[in-house]
Amino acid sequence: MSKIAVFFLAFVLTVMSLGPAAASAAAPNVKTIRVFVQSKEIHPKAAPILQGGRVYIEFRSVVLALGFKFNYDAAKKVITADSEDASFKIDLKSGKTFLNGREFTYSKDAPMILGSGANVLVMNHLFNATSNIRVNYDAVHKNIVVYRTEAESVDYLSLANKEAAVPDADKAAIYTLLDKYIQAMNDEDALALMAVDRSPEAYYTNRNLSKDQVKLLLENNFLKHELKYTKKQATVVSYGPNKATVYFVYTVSDKDDKSSVIQLFYYLKSVVKASDGKWYLDNKGDTVLHVELLLSDE
């Protein structure tokens, strides 16, 4: 679904050395993709790649961070990784991947691996095919989040029934805020998206870029993605006068390909009331509870 290039560090350093005007023009390309495993950032030797609408991530760094036993047989060109609940095998010669002893292929039109050797990259769907590992790519913020679902899967669906007591005015303002967020994503409206965020300059970029630069970054991303966001549920589950947490469920699908896989996200979204009395998204406080892959009804 998303198509964006990952640039080398040398290019990033070059942009940082440019003047404000040049930096503004180059802003859409300076942010590389960050990788988080179990809420901790890791730094793979091979940077993630987006190719043909697919996300590819370095296999070794991810499985090691998840606690797998990793082995690379250089002679046979075979990689294996094992844990108590899943086993992977990658045949570098054939490009085939195996999950729990069975070959796994997500799409005949896209390779399952990129590169070769111990630092090979694999399509994120190889992890998503397991029972308890999820990979979530946030195209707007350029983050890949990998996590096990054991902790999050403790009856997370029941959160929808645990609505907190919230004054009517604040409840209406919070739900309106989330509606505006979904609308901005669907309209591909960078200014509207920035308007609902507590601090877009700090969150959407690695550096303190100006609002104009952040706007260019978001507009560049929108040009590369044709996604449809649909809110399924929103429930305030924790409330304070200036901070609240919302159980938020939504889907993301490809606008152009009605037969594509739909992603269903379960989030705990953090929102805060600023000094102007308005509620804003506080994305740094968000927690991903669960991600599912659904088949389209089309």
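1. The mixed sheet. In this predicted model, four strands make an open sheet in the order E2-E1-E13-E12, with mixed pairing. Strand E2 (40–42) and strand E12 (133–138) are the edge strands, and each pairs on one side only. From one strand to the next, the twist averages 25 degrees. Strand E1 (residues 34–37) and strand E13 (residues 143–148) run parallel and are joined by four bridges. Look at Val35 to find the register: its bridge partner in E13 is Ile144.

2. The largest nonpolar core. This core has 38 residues. Phe59, Phe127, Ile144 and Val146 have the most contacts inside it. Ile144 is thus named twice here, as it is also the bridge partner of Val35. Which residues does Val146 touch, leaving aside its neighbours within four places in sequence? Val146 is in contact with Phe36, Val37, Gln38, Ile57, Val62, Leu66, Ile133, Arg134 and Val135. In soluble globular proteins, nonpolar side chains tend to be buried together.

3. A second core. A separate core of 35 residues includes Val166, Met185, Tyr229 and Val291. Met185 is also one of the buried residues of helix H5.

4. The antiparallel sheet. Five strands form another open sheet, in the order E5-E6-E7-E8-E9. The pairing is antiparallel. Strand E5 (69–73) and strand E9 (102–104) stand at the edges with a single partner strand each, so one side of each has no neighbour in the sheet. The twist averages 20 degrees from one strand to the next. E5 joins strand E6 (residues 78–82) through five bridges. Within that pair, Asp73 stands opposite Val78.

5. Two hairpins in that sheet. Strand E7 (residues 87–91) and strand E8 (residues 96–99) run antiparallel, with four bridges between them. Ile90 stands opposite Thr97. The E7 and E8 hairpin has four residues between its strands, and Gly95 in the turn has a positive phi of about 80 degrees. E8 then pairs with E9 in the antiparallel sense over three bridges. Here Leu99 has Arg102 as its bridge partner. This hairpin has two residues between its strands. Its turn holds Asn100, with a positive phi of about 55 degrees.

6. Phe104. This residue lies in strand E9, one of the edge strands. Is Phe104 buried or exposed? The cut-off for buried is under 20% relative accessible area. Phe104 has 18%, so it counts as buried. Leaving aside neighbours within four places in sequence, Phe104 is in contact with Thr97, Phe98, Leu99, Met112, His125, Leu126 and Ala129. Phe88 is 16 residues away from Phe104 in sequence, and their C-alpha atoms are 9.8 Å apart.

7. Helix H5. This helix has 20 residues (residues 168–187). At 1.5 Å a residue it should span 28 Å, and its end C-alpha atoms are 28 Å apart, so the two values agree. Its buried residues are Asp170, Ile174, Tyr175, Leu177, Leu178, Tyr181, Ile182, Ala184 and Met185. An α-helix has 3.6 residues a turn, so residues three or four places apart point the same way. What do the buried residues of H5 pack against? They meet two helices, H6 (190–195) and H8 (211–224). They also pack against strands E14 (227–240), E15 (243–254), E16 (262–273) and E17 (279–281). Glu188 follows H5 and has a positive phi, near 55 degrees.

8. Strand E15 and its partners. E15 is largely enclosed by the rest of the structure, because 10 of its 12 residues are buried. E14 and E15 run antiparallel and are joined by 12 bridges. A hairpin links them through two residues. Tyr239 stands opposite Ala244 in E15. E15 also pairs with E16, in the antiparallel sense, over 10 bridges. In that pairing, Thr251 stands opposite Leu264.

9. Whole protein. The protein has eight helices and 18 strands. Of its 298 residues, 51% count as buried. Among contacts between residues at least 6 apart in sequence, 56% join residues at least 24 apart. The protein exposes about 14,600 Å², and carbon and sulfur atoms supply 51% of that area.

How values were computed. Residues numbered from 1 in each chain as written. Predicted model: local features only at pLDDT ≥ 70, side-chain atom pairs only at ≥ 80, totals over all residues. Heavy atoms only, no water. Pairing = 2+ DSSP bridges. Axes fitted to C-alpha atoms, helices over the stretch in contact; angles between N-to-C directions. Buried < 20%, exposed > 50% of the residue type's maximum accessible area, 1.4 Å probe, protein only. Contact = heavy atoms within 4.5 Å. Areas by Shrake-Rupley, 256 points an atom, 1.4 Å probe, with all protein chains shown as cover. Core = buried A, V, L, I, M, F, W, Y, C linked by side-chain atoms within 4.5 Å. Expected span 1.5 Å × (residues − 1).
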